[in-house]
Structure formats: C-alpha cells, structure tokens
Amino acid sequence: MTATEPMMIDCGPHGKRVSAVVCRHLVQRDPAPCGFVENNGDPHDLQAWCHRCEETFQLEGGMTDAFKQYNGMAIVCVVCYDESTARHTIPVTE
Ligand SMILES: [Zn+2]
Ligand SMILES: [Zn+2]
C-alpha cells in the first residue's frame with residue numbers, strides 16, 4: 001500500500017494510465033535488446049533503465065548531470081513499460 005496517488009499519463013494508444021519512468025534507450029524500438037534494469041518495482045512508481053545506463057550510473061557514481069543527459073528519462077504508461085520489459089530483457093543463458 002502506498003499513500004501517494006500514482007501519477008497518471010495520457011498515453012495515446014493505451015489511454016489514461018499510471019505513469020512509469022524509463023531511459024530514452026528503452027523507449028526506442030531497437031531490434032537488439034539493450035537490457036532492462038528495474039530500479040523501482042512499485043506498481044505506482046515503476047522506474048527502469050538499460051544496461052548501458054546502469055554502467056554509466058556506476059561510473060558516474062550517481063545521478064550526475066552527465067548521467068541524466070545520457071539517460072534522458074522518458075515518461076511512459078505502465079503498458080508501454082511492460083512492452084519495454086518484454087522487448088529489452090536479455091534472456092539469461094547459462
Ligand atoms: Zn538507457
Ligand atoms: Zn502506453
């Protein structure tokens with residue numbers, strides 16, 4: 001249970017939905033998956049970025065301007081978020 005109201009977004013194809021935050025790479029429909037790192041799994045406040053963003057975050061040591069510029073945060077709806085998860089999750093192979 002969260003006390004805060006979820007942020008809503010009017011996503012064209014999906015209508016009015018709860019919003020989520022992803023990096024700009026995840027919203028691109030690249031054929032190659034760029035990895036999916038979930039930072040916040042709260043259904044009212046989903047946040048994720050790709051593997052390169054995770055690397056950059058580690059290198060920069062936090063939310064620096066350089067990182068933010070590379071990340072380019074994009075607000076999407078939860079349905080788009082789920083689609084990004086499916087598109088960009090790299091299957092784990094042993
Ligand atoms: Zn990224
Ligand atoms: Zn959407």
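The paragraphs below lead from the overall fold of this predicted model to its strands, its last helix and its core.

Residues are numbered from 1 along each chain as its sequence is written, and chains are lettered from A and ligands numbered from 1 in the order in which they are written. Since the model is predicted, local features need pLDDT of at least 70 and side-chain atom pairs count only at pLDDT 80 or more, while totals for chains, interfaces and linings use all residues.

The protein has four helices and five strands, where helices (H or I, at least four residues) and strands (E, at least two) are DSSP runs, numbered from the N terminus. Along the sequence these elements follow the pattern β-β-α-β-β-α-α-β-α. The radius of gyration, taken over C-alpha atoms, is 14 Å, close to the 12 Å of the globule rule (2.2 Å times the number of residues to the power 0.38) for 94 residues, so the protein is as compact as a globular protein of that length. Its C-alpha trace spans about 35 × 30 × 25 Å along the principal axes.

Strand E2 (residues 15-22) is a good place to begin with the pairing, for which two strands must have at least two bridges between them as found by DSSP. Four bridges join E2 to strand E1 (residues 8-11), and the two run antiparallel; they form a hairpin with three residues between them, and Asp10 stands opposite Lys16. E2 also pairs with strand E5 (residues 74-77), in the antiparallel sense and over four bridges, whereas its pairing with strand E4 (residues 47-49) is parallel and rests on two bridges. Val22 takes part in both of these pairings, since it stands opposite Ala74 in E5 and opposite Ala48 in E4.

Ser19 also has its place in E2. A residue is buried if 20 or more other C-beta atoms lie within 10 Å of its own, exposed if 12 or fewer, and partly exposed in between, with C-beta atoms placed from the backbone; Ser19 has 20 such neighbours and therefore counts as buried. Leaving aside neighbours within four places in sequence, Ser19 is in contact (C-beta atoms, placed from the backbone, within 7 Å) with Met7, Met8, Ile9, Ile75 and Cys77.

Helix H4 (residues 78-88) has the buried residues Cys80, Tyr81, Ser84 and His88. Seen down the axis of H4, these residues fall within an arc of 105° (taken from the directions from the helix axis to the C-beta atoms), so they line one face of the helix. What covers them includes E1, E2, helix H1 (24-27) and E5. Val79, which lies in H4 as well, has 15 C-beta neighbours inside 10 Å and so counts as partly exposed; not counting residues up to four places away in sequence, Val79 touches His14 and Arg17.

In soluble globular proteins, nonpolar side chains tend to be buried together. Here the largest nonpolar core (a set of buried Ala, Val, Leu, Ile, Met, Phe, Trp, Tyr and Cys residues joined through C-beta atoms within 7 Å) has 14 residues, and those with the most contacts inside it are Val22, Leu26, Trp49 and Tyr81. E2, E4, E5 and H4 each supply at least two residues of this core. Leu26 touches Phe36, Ala48, Trp49, Cys50, Ser84 and His88, again not counting residues up to four places away in sequence.

Notes: Contact = placed C-beta atoms within 7 Å.
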